[in-house]
Amino acid sequence: MSRQTAAHRQEVFPVSPIQSRPKRILLSTVSSDSHTWNLVFLQLLLQESGYEVTNLGPCVPDAELIEQVRVQRPDAVVISSVNGHGHLDGRRLIRKLRADSDPALSTVPVMIGGKLGIQGAGQPHLADELVAEGFDAVFTDGADPAEFGTALRRMTAHRPEITGAAA
Ligand code: B12
């Protein structure tokens, strides 16, 4: 992503004026990944764009992420990974989410991005494979941040007005 001003981010990530409540994003990385600044960057980007963000931080075990989706019922889950294992950890994670009997987990929009493999742009097939496993969108390194904003807006636009935490 290129460096941007807050005003530019607002253009890239406009939040629809017809939304009556802020959409809630669960932001996380995968279990093996200890990188943190990617999460901080995304948290700020999303918050400045009007989303409510829960950032689970680094090295999140699959079970913890799944439990947080079950409890928080977010409008979307955004996964960031840069250590090169993201395609493996992400594949395992999305299989568990999509196989869950709770529709809040099996249908929640989930996207993943970052440096997902260890060959940079040399692994273009990774995105297709991860979408085939159940991710709604995949952003490999160098993806246009505007596409992320557009995809997130589209995926969260029709989420129910009343979600809230599960009992
Ligand atoms: C700092 C750093 C570390 C620190 C992290 C400290 C911390 N608390 O965060 C430490 C020293 C711990 C570390 C460890 C390791 N690291 Co490191 N690390 C870096 C480094 C230098 C900077 C990362 C950073 O903070 N960037 C700043 C953030 C803001 O940018 P970003 O991470 O690139 O994220 C951007 C994009 O990727 C994108 N993005 C990210 N996620 C998402 C998600 C979505 C949805 C979207 C749309 C976009 C998006 O947006 C972000 C902003 O532009 C990078 C090299 C580099 N220059 O990038 C290597 C790097 C990420 N590390 C790497 C590696 C290999 C490791 C280790 C495996 C090394 C080792 N052998 O131990 C370990 C892994 C540890 C683990 N368990 O995960 C490799 C990953 C290789 C790959 N994927 O191809 C890199 C790229 C270095 C390299 N060139 O080889 N690392």
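Colleague: Which element gives the most to the shell around the ligand?

Modeller: The model is predicted. In it, H2, strand S3 (76-81) and strand S4 (110-114) each supply at least two residues of the shell. The element that gives the most, with four residues, is H2.

Colleague: Which residue is the only protein donor of the cobalt atom of the ligand?

Modeller: The residue sits in the loop between strand S1 (24-28) and helix H2 (37-48). Its NE2 atom lies at 2.2 Å from the cobalt. The donor is His-35.

Colleague: How many charged residues does the shell around the ligand have?

Modeller: In total, 24 residues surround the ligand, with Ser-32, Ser-34, His-35, Thr-36 and Ser-80 the closest. By class, ten are nonpolar and eleven are polar. The charged residues number three.

Colleague: Which residue has a polar backbone atom 2.7 Å from a nitrogen atom of the ligand?

Modeller: Backbone N or O atoms of other residues also lie by ligand nitrogen atoms: one of Val-82 at 2.9 Å, and one of Gly-117 at 3.1 Å. The contact at 2.7 Å belongs to Ser-32.

Colleague: Where do the buried residues of H7 fall, seen down the helix axis?

Modeller: The buried residues of H7 are Pro-145, Phe-148, Gly-149, Ala-151, Leu-152, Met-155 and Thr-156. They fall within an arc of 170°, so they line one face of the helix.

Colleague: Which residue caps the N-terminal end of H7?

Modeller: Helix H7 covers residues 145-157. A side-chain oxygen of the capping residue lies 2.9 Å from the backbone nitrogen of Ala-146. The cap is Asp-144.

Note on methods. Residues are numbered from 1 along each chain as its sequence is written. This is a predicted model: local features need pLDDT of at least 70, side-chain atom pairs count only at pLDDT 80 or more; totals for chains, interfaces and linings use all residues. Side-chain values use heavy atoms; hydrogens and water are left out. The expected span of a helix is 1.5 Å times one less than its number of residues. Buried means under 20% relative accessible area, exposed over 50%, partly exposed in between (1.4 Å probe, protein chains only). The arc is that of the directions from the helix axis to the C-beta atoms. A polar contact is a pair of N or O atoms within 3.5 Å; within protein, one must be able to donate a hydrogen and the other to accept it, and residues adjacent in sequence count only if both atoms are side-chain atoms. Donors are N, O and S atoms within 2.8 Å of the metal (3.2 Å for Na, K and Ca); water is not among the atoms, so sites may look incomplete. A residue is near a molecule or strand if one of its heavy atoms lies within 4 Å of it. Ala, Val, Leu, Ile, Met, Phe, Trp, Tyr, Cys and Pro count as nonpolar, Asp, Glu, Lys and Arg as charged, and the others, Gly among them, as polar.
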